[in-house]
Amino acid sequence: MAKEAFEKLIEAERNAEELIKDAQMRSKELLEKAKNEAKFKHDEVIKSAYEERKRILKNAENDANDKLKPKIEESNKELQNIKNIPLVSLNSLINKLVERIVSFSGNS
């Protein structure tokens, strides 16, 4: 009877050791799975934040372009007006300015 009890005790210890090994293996698997899920979620958050950043920058760029458009058009019109000034008028204007500068400085 003592032999039987001893064998049952040894078998129970083996079963306990096997249960412990299984539990350790399962915990390692669960930990690895959790790490993989955390990395996946982290990557998703980073990707989402990057996309949001891109969207915000694009909106800001579009807003800035919309605000600058009238100024650019006005500058282009002024440039065209300047380009359309006849060269003769420009030379005449330059001569008048030179005359004023010279007469103002007293070197006439």
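Lys and Arg count here as positive and Asp and Glu as negative, while His and the chain ends are not counted. The place of a charge is NZ of Lys, CZ of Arg, CG of Asp or CD of Glu.

The model is predicted: local features need pLDDT of at least 70, side-chain atom pairs count only at pLDDT 80 or more, and totals for chains, interfaces and linings use all residues. Residues are numbered from 1 along each chain as its sequence is written, and side-chain values use heavy atoms, with hydrogens and water left out.

**Exercise 1. Charge count**

Task: State how many positive and negative side chains the protein chain has, and how far apart the centres of the two sets lie.

Solution:
- Step 1. The protein chain carries 22 positive and 21 negative side chains.
- Step 2. The centres of these two sets are 9 Å apart.

**Exercise 2. Overall form**

Task: Set the radius of gyration of the protein chain against that of a compact globule of 108 residues.

Solution:
- Step 1. Count the helices and strands, which are DSSP runs (helices H or I, at least four residues; strands E, at least two), numbered from the N terminus. The chain has two helices and zero strands.
- Step 2. Take the radius of gyration over C-alpha atoms; the globule rule is 2.2 Å times the number of residues to the power 0.38. The rule puts a compact globule of 108 residues near 13 Å, but this chain has 43 Å.
- Step 3. Along the principal axes, the C-alpha atoms fill a box of roughly 140 × 30 × 15 Å.
- Step 4. As a check within the chain, E78 and K35 are 43 residues apart in sequence, and their C-alpha atoms are 63 Å apart in space.

**Exercise 3. Burial**

Task: Find what share of the 108 residues is buried, and what area the chain exposes.

Solution:
- Step 1. Apply the cut-offs: buried is under 20% relative accessible area, exposed over 50%, and partly exposed in between (1.4 Å probe, protein chains only).
- Step 2. Buried residues make up 0% of the chain.
- Step 3. By the Shrake-Rupley method with a 1.4 Å probe, where for residues only the protein chains shown count as cover, the chain exposes about 10,600 Å². Carbon and sulfur atoms supply 59% of that area.

**Exercise 4. Salt bridges**

Task: Say how many salt bridges the whole structure holds, and place each pair along its helix.

Solution:
- Step 1. A salt bridge requires a side-chain nitrogen of Lys or Arg within 4 Å of a carboxyl oxygen of Asp or Glu. The search finds three.
- Step 2. R26 pairs with E29, with the closest N and O atoms 3.9 Å apart. These two are about one helical turn apart because they are three residues apart in helix α1 (residues 2-83).
- Step 3. K39 and D43 pair at 3.0 Å, N to O; both lie in helix α1, four residues apart, about one turn.
- Step 4. E52 and R55 pair at 2.5 Å, N to O; they lie three residues apart in helix α1, again about one turn.
- Step 5. For accessibility, E52 is at 36% and so counts as partly exposed, and R55, at 42%, is partly exposed too.

**Exercise 5. Nonpolar patch**

Task: Identify the helix that gives the most to the nonpolar surface patch.

Solution:
- Step 1. Patch residues have over 30% relative accessible area and no salt bridge; like charges are joined within 9 Å, nonpolar side chains (Val, Leu, Ile, Met, Phe, Trp, Tyr) within 5 Å.
- Step 2. The patch covers about 900 Å², and its residues include I82, I85, L87, L90 and V98.
- Step 3. Helix α2 (residues 87-105) gives the most, with eight residues.
- Step 4. V98 is found in helix α2 and, at 43% relative accessibility, is partly exposed.
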